[in-house]
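Work through the exercises below with the model in view. Each task is followed by its solution in steps.

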Amino acid sequence: MATRIGDRAVVLGASVAGLLAARLLADAYRSVTVVDRDALTSSAAPRRSAPQGRHVHGLLARGQQVLEELFPGLTKELAELGVPVCDFGTGLTWYFAGRPIRKAETGLICVSAERPLLEARVRERVLALSNVRLLDRCDINGLDSSPDRARVTGVRVQPLGGAEEVLAADLVVDATGRGSRTPLWLRELGYPQVPQERVKIDLTYTTAEFAAPLPVDPIGDGAGLVCVAGPGRPRGATLVRLHDRYALALYGLLGERPPTDPEGFLAFAKKMPVPEIHAAVEHARMITEPVSMHFPANVRHRYERVERLPDGLLAIGDAACVFNPIYAQGMTVAAIGATVLRGHLERGVPPRPRDYFRDLAAVIDAPWDMAVGGDLGFPEVRGRRTLAVRMANLYMPRLQAAAAHDATLSTAFLRAAGLVDPPQALMRPSVVTRVFRPRPRS
């Protein structure tokens, strides 16, 4: 339990990142207000300002662990609703270069919950806290600050149909996601420009849902199939079993565009190197029209490199770093970021932005390097290819190919991909030896 260190905290955005921040701030501040522009109800429907909620999301193993720490029993609650909950290494079938890696019991939990349902259940728990309130259907217009602009003192908001007002705050946490305006607001307050890293990938993903049961079911009691794109193969797919239906997400990088008409969608699926995916949906009943979303680039805001920052303002989740969604890192990195916030709150003093952003950067480094390094494996993607990136992009295909026959390597890979182990764990001598040992020809 954190020591009470302030009177009022305001969280901008009721995303997963915002809800996790509110849960932790409730232990350290007398009152916490969560502000969101959407009308939020108890239903698990996609939110207007989070259109990505209509698409397949992944909660990686480390994300599940953090959510269970903060909301004990959440995994069981979701399972009782019919959400598939299984082992990360046996409930999912992972394909690289069209070949599955060997299934293995990892002890890591995979929760196949669509994002709106997960958000709704977390939001219900957060709003049950006596000192947390939600201010929805409310635009966020900007920050309020002290006369010398050394401290953020609140947020200017405008409820639907009402006049602008100021929410006073000892601490403001930006969890508004990809559309975060914190870099702009800082410039308006006279602070230096926040350095930004961008790696353009020109990704489009298209998702359609199908009625259960599937006429041909390659998933069974598991959670799904994951067909990962790679150099020379800029197309991928994820087929998942949800609590009452199935969803297929097709994606293309480097300008590939999965169609939104049903016939074109199925034709795109047929071109996947994993024929089980098309076979599963070819004669299934499509219950939603395919819907697309474009994702231009990975974006990282380097707040830790800004020489001056005002007190009283932090950012978390996609407001700090936006990842290529095909790696399913977003919600899990938000959860890991929440553990950084918790560490600072437990110090018993208001978080210092420079220290917080330094520590946040340290935990973002590994998933950022994994995602961007994977994208730079495509020769067409422009970016700085360090020796470490080049070596990793030579090594990882070898590891994945060897994991087709070696459950120990599958486990090592999935622990790193699930953000439980650091990427460096894949370079341990015991792993490298297994990757390069001779194998009989199949």
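**Exercise 1.** State how many helices and strands the protein has, and judge its compactness from the radius of gyration.

Solution. The protein has twelve helices and 18 strands; helices (H or I, at least four residues) and strands (E, at least two) are DSSP runs numbered from the N terminus. This is a predicted model, in which local features need pLDDT of at least 70 and side-chain atom pairs count only at pLDDT 80 or more, while totals for chains, interfaces and linings use all residues. Residues are numbered from 1 along each chain as its sequence is written, and side-chain values use heavy atoms, leaving out hydrogens and water.

Next, the radius of gyration, taken over C-alpha atoms, is compared with the globule rule, 2.2 Å times the number of residues to the power 0.38. The protein's value is 22 Å, close to the 22 Å that the rule gives for 442 residues, so the protein is as compact as a globular protein of that length. Along the principal axes, its C-alpha trace spans about 70 × 45 × 40 Å.

**Exercise 2.** Describe how helix α2 packs against helix α8.

Solution. Start with the geometry: α2 (residues 61–70) and α8 (residues 330–345) pack at about 45°, with axes 8 Å apart. Axes are lines fitted to C-alpha atoms, for helices over the stretch in contact, and angles run from 0 to 180 degrees between N-to-C directions. That makes α2 oblique to α8, since angles under 35 degrees count as roughly parallel, over 145 as roughly antiparallel, 65 to 115 as roughly perpendicular and the rest as oblique.

Then list the contacts (heavy atoms within 4.5 Å). R62, G63, V66, L67, E69 and L70 of α2 meet T332, A335, I336, T339 and R342 of α8.

**Exercise 3.** Repeat the analysis for helices α10 and α11.

Solution. The axes of α10 (residues 387–403) and α11 (residues 407–417) come within 8 Å and cross at roughly 130°. That makes α10 oblique to α11. From α10, the contact uses M396, L399, Q400, A402 and A403; from α11, it uses L409, S410 and F413.

**Exercise 4.** Where does L419 lie, and is L419 buried or exposed?

Solution. L419 is in the loop between α11 and α12 (429–436). Its phi is positive, about 65°, although L419 is not a glycine. At 11% relative accessibility, L419 counts as buried (under 20% relative accessible area, with exposed over 50% and partly exposed in between; 1.4 Å probe, protein chains only).
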